[in-house]
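Student: Could we go through this protein together, one question at a time? I would like to see how each answer is reached.

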Amino acid sequence: MANQKDQKAKEKHEEFVKRLHDTGLSQRQLAKFLGVGQPTVSSWITGKYVPHLNPRTMARLCVALGCSSIFELDKLFDPDAPSMLDLVRELEEIKFPKNP
């Protein structure tokens, strides 16, 4: 199980790095756009650090990588992150429980 999770995380990291490369932005340019230091961006690329971003920075990274939604971006960093549909279903279960 852990091996599958590690493989999934590796694939998502590779997808993140590919998207970043496809932007044509340098680490310095991306860091400036996001308002973080270049070493921070470098640590994301090398996989030493997984970003934990505030909403503003996450939205800016989403724009830079061409993600269609913040949920898509979240999946790049956390393969087990819930999808938007998962969250909607969870909320519906809270609002409209099957067994009140």
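Student: Which residues does Ser 43 touch, not counting residues up to four places away in sequence?

Tutor: This is a predicted model, in which local features need pLDDT of at least 70 and side-chain atom pairs count only at pLDDT 80 or more, while totals for chains, interfaces and linings use all residues. Residues are numbered from 1 along each chain as its sequence is written, and side-chain values use heavy atoms, with hydrogens and water left out. Contact means heavy atoms within 4.5 Å, and by that rule, leaving out residues up to four places away in sequence, Ser 43 touches Lys 48 and Tyr 49.

Student: Is Ser 43 buried or exposed?

Tutor: Ser 43 is found in helix 3, where a helix is a DSSP run (H or I, at least four residues), numbered from the N terminus. Buried means under 20% relative accessible area, exposed over 50%, and partly exposed in between (1.4 Å probe, protein chains only). Because its relative accessible area is 16%, Ser 43 is buried.

Student: Which helix gives the most to the largest nonpolar core?

Tutor: A nonpolar core is a set of buried Ala, Val, Leu, Ile, Met, Phe, Trp, Tyr and Cys residues joined through side-chain atoms within 4.5 Å. The largest one has 17 residues, and Phe 16, Leu 30, Trp 44, Leu 61, Leu 65 and Leu 73 touch the most other members. Helices 1 (2-23), 2 (27-34), 3 (38-46), 4 (55-65) and 5 (70-77) each supply at least two of its residues. With five residues, the most is given by helix 4.
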